[in-house]
Amino acid sequence: MPEGVDDSPANARFASIAKKVKMGKRTEKALKEKAAASTSQEASEDDVNKVPEPYTCTGHFDPDFTELCRRAGLAPSEIPNVVIRAKRPGTPPPPDPKAKDPNPPEEAVDVAEEEPKPKTYVTKERFAYFKPCIQVEMENEDKPATVTEVYIRGWKIDDMMVGIFKTCFPTIEKLHTINFWNTGLTDKTLRDLAAIFPQCPNLKNIVIEGNPIPEEPWACIMGEDSLIINLSLRHNDITDRGASGISSALSTVTTCNKNLISLNLSHNKITDVGAEAIAKGLRMNRILLCLSLASNRITDKGAMKFGELLSRFPLTHEEVVERRKLLRDKGSPDRGSGKSPPPSRRAESKDRPGSVRSGSHLDKGDKKRDKSSKKKDNKHEKKNDKEDDKKGNKTVAIMDNKKDKDDGKGGTKKADTWKKGGSRSSVTVAITSLIAETVTKTTKGKKTTSSKDKKGGAMPESESPDMVEAINPLLESVESIEGQLWIPGNRSIISLNLSRNEIGEAGLKSILLAVQYQITLANLAPNPALKGLMRLSLGRNPIRADSEAYQKIQDLMLTRDPFYKAQAKSPDGDTQSLAG
């Protein structure tokens with residue numbers, strides 16, 4: 001037996017008891033771990049079966065978008081970052097030669113020292129540039145609730161992302177611009193986005209470019225409830241099929257888009273058939289101001305359709321029928337509104353039959369009628385006498401009265417007009433104010449009509465150009481030629497871009513006649529709301545350099561450009577430009 005080892009029965013009993021105690025602790029620990037594991041498993045199963053509460057957006061785009069992506073199941077590394085859109089640095093002001101140089105010349109710096117990084121660009125880590133992100137512009141970068149513009153470029157927007165946008169976009173109060181470039185939109189995703197746009201309270205500008213869709217459902221963006229003012233659909237491979245849908249969205253005989261004022265369809269595949277469809281959609285539209293069809297496949301046939309649209313055109317059978325309905329409703333407002341005529345006052349009288357009237361009432365009515373007829377006859381006689389004295393010809397007086405009536409047809413009845421809906425962008429407001437200034441200058445010295453307010457004060461119409469309402473074209477004055485009713489063409493378009501097409505000499509002559517007609521009509525019956533074309537782009541078409549029609553168009557449009565300033569001659573006879 002080794003020395004120092006006690007092999008007594010007591011020690012052996014103690015060792016066996018200690019062994020049992022250790023085994024008991026291990027068993028108890030294993031049981032606890034097993035219970036904890038089962039509890040955690042039950043809790044995880046409950047979490048999976050439990051439906052999370054819906055997320056309420058706060059109007060702060062960055063945290064709302066990130067949380068919605070996380071709830072949609074995206075990993076943190078897969079969630080696109082929301083970044084401030086980079087801006088080009090502004091031009092520094094020129095140095096003042098009189099001011100002292102705040103930075104005195106320093107000693108030569110050692111070339112070996114490291115140069116500071118330039119501030120014209122920002123470097124990123126490897127492959128970080130290609131990671132999807134959402135660029136935003138804000139009124140105040142310190143306030144996350146002031147997002148005004150959203151830009152998504154170069155990554156696909158799927159159904160899940162559209163669902164996220166559907167939740168967070170309507171809560172951004174100041175959002176007015178959405179720009180999607182090369183985002184792989186489909187027919188379904190585009191229609192879902194189009195359903196979101198009316199829910200955004202201040203959304204006015206939509207840019208969807210580089211997204212060719214075979215179904216071409218572009219008309220869904222321009223519905224009657226659309227509040228979009230500026231729409232750009234460049235590089236979308238739009239064909240005549242898509243142009244036909246856009247035409248119906250612009251206007252029909254009974255409907256009209258009341259908000260869209262700028263439409264860009266350049267760099268597409270629209271031919272003469274599509275151009276004819278768009279011209280048809282603009283027959284009854286007096287809201288659109290700017291249209292671009294540059295870089296398409298339009299030839300002389302399509303240009304002639306636009307020449308007809310801008311000058312004058314005959315009404316179709318459907319348009320004639322609708323015109324008669326409008327004139328009928330104009331003569332009887334109750335009939336147009338669906339209201340029944342007021343009940344006869346005779347039926348309310350129980351004292352005497354309906355065919356018998358009191359003598360006093362009859363006398364009063366006859367006296368009033370006699371007085372009013374005498375006043376009208378006296379006024380008419382005085383007016384004819386004055387006009388005969390001045391002009392010595394009753395025919396001239398009748399023509400003047402007819403002209404006055406025609407000039408006053410820009411009526412203010414709500415049943416005869418289409419109101420302009422929505423606000424205007426800054427560019428359009430500037431153009432409108434410039435048009436108003438031009439009208440004021442050209443009509444200076446002429447007598448202008450004015451309307452009286454409730455207090456009796458006169459308020460000239462020229463001082464409030466924004467209050468001018470768009471007249472229904474079917475209610476304009478018509479001219480009967482060979483059994484057809486002709487009306488003046490569309491004079492609300494002020495900018496038309498047909499450059500980089502296939503327009504030749506025949507198309508130029510048609511457009512030249514349209515421009516000349518608009519200028520003549522504007523001189524005979526000026527209207528601040530219908531000024532006609534002010535900018536016309538026809539460059540890079542197969543036109544001869546010595547084309548007489550093209551040169552005449554350039555000369556006419558030069559004076560109609562709102563930014564044109566005529567050249568003044570100096571006392572010596574030299575021509576001096578008044579531009580800046």
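## A salt-bridge network in helix α2

Glu67, Arg70 and Arg71 are linked in a network of salt bridges. The model is a predicted one. Within this network, the side chains of Glu67 and Arg71 meet at 2.9 Å, N to O. Both residues sit in helix α2, which covers residues 61-71. They are 4 residues apart, so about one helical turn separates them.

The two partners differ in burial class. Glu67 counts as buried because its relative accessibility is 18%, under the 20% limit. Arg71 counts as partly exposed, at 42%.

## Salt bridges across the sequence

The whole structure holds 14 salt bridges. One of them joins the side chains of Lys174 and Glu139, with an N to O distance of 3.8 Å. Lys174 lies in the loop between α3 (159-168) and β4 (177-181). Glu139 lies in the loop between β2 (133-138) and β3 (147-153). The pair therefore ties together parts that are 35 residues apart in sequence. Lys174 is partly exposed, with 34% relative accessibility. Glu139 is exposed, with 56%.

Another salt bridge connects Glu479 and Arg312 through their side chains, at 3.1 Å from N to O. Glu479 belongs to strand β14 and Arg312 to strand β9, so this pair ties together parts that are 167 residues apart in sequence. Glu479 is partly exposed at 42% relative accessibility. Arg312 is also partly exposed, at 28%.

## The three-stranded sheet

Strands β9 and β14 belong to an open sheet of 3 strands. The order is β9-β15-β14, and the pairing is antiparallel. β9 (312-314) and β14 (479-481) are the edge strands, each pairing on one side only. The salt bridge between Glu479 and Arg312 thus has one end in β14 and the other in β9. Neighbouring strands are turned by 35° against each other on average, direction ignored.

β9 pairs with β15 (residues 484-488) in the antiparallel sense, over 3 bridges. Arg312 takes part in this arrangement: it stands opposite Pro488 in β15.

## The ten-stranded sheet

A second open sheet is formed by 10 strands. Their order is β1-β2-β3-β4-β5-β6-β7-β8-β16-β17, with mixed pairing. The edges are β1 (81-84) and β17 (535-537). Each has a single partner strand, so one side of each is left without a neighbour in the sheet. The twist from one strand to the next averages 10°.

Inside this sheet, β2 and β3 pair over 4 bridges in the antiparallel sense. Glu137 stands opposite Glu149 in β3. The loop between β2 and β3 is the one that carries Glu139.

## Packing of α3 against α4

Helix α3 packs with helix α4 (residues 187-196). The angle is about 0° and the axes are 10 Å apart. α3 is therefore roughly parallel to α4, as angles under 35 degrees are classed that way.

From α3, the contact uses Asp159, Val162, Phe165 and Lys166. From α4, it uses Lys188, Thr189, Asp192, Leu193 and Ile196. The loop that holds Lys174 runs between α3 and β4.

## Cysteines without a disulfide

The disulfide count is 0. Cys57 is in no disulfide, and the nearest cysteine sulfur to its own is that of Cys168, 5.8 Å away. A disulfide requires the two sulfur atoms to be within 2.5 Å. Cys57 counts as buried, at 14% relative accessibility.

Cys168 is also the closest cysteine for Cys200. The sulfur of Cys200 is 9.1 Å from that of Cys168, which is too far for a bond. Cys200 counts as buried, at 1% relative accessibility.

## The protein as a whole

The protein has 14 helices and 19 strands. Of its 580 residues, 32% are buried. Glu67, Cys57 and Cys200 are among the buried residues.

Contacts reach far along the chain. Among those between residues at least 6 apart in sequence, 78% join residues at least 24 apart. Two of the salt bridges described here also span such stretches: Lys174 with Glu139 ties parts 35 residues apart, and Glu479 with Arg312 ties parts 167 residues apart.

Technical notes
Residues are numbered from 1 along each chain as its sequence is written. This is a predicted model: local features need pLDDT of at least 70, side-chain atom pairs count only at pLDDT 80 or more; totals for chains, interfaces and linings use all residues. Side-chain values use heavy atoms; hydrogens and water are left out. Two strands pair if DSSP finds at least two bridges between them. Axes are lines fitted to C-alpha atoms, for helices over the stretch in contact, and angles run from 0 to 180 degrees between N-to-C directions. A salt bridge is a side-chain nitrogen of Lys or Arg within 4 Å of a carboxyl oxygen of Asp or Glu. Buried means under 20% relative accessible area, exposed over 50%, partly exposed in between (1.4 Å probe, protein chains only). Angles under 35 degrees count as roughly parallel, over 145 as roughly antiparallel, 65 to 115 as roughly perpendicular and the rest as oblique. Contact means heavy atoms within 4.5 Å.
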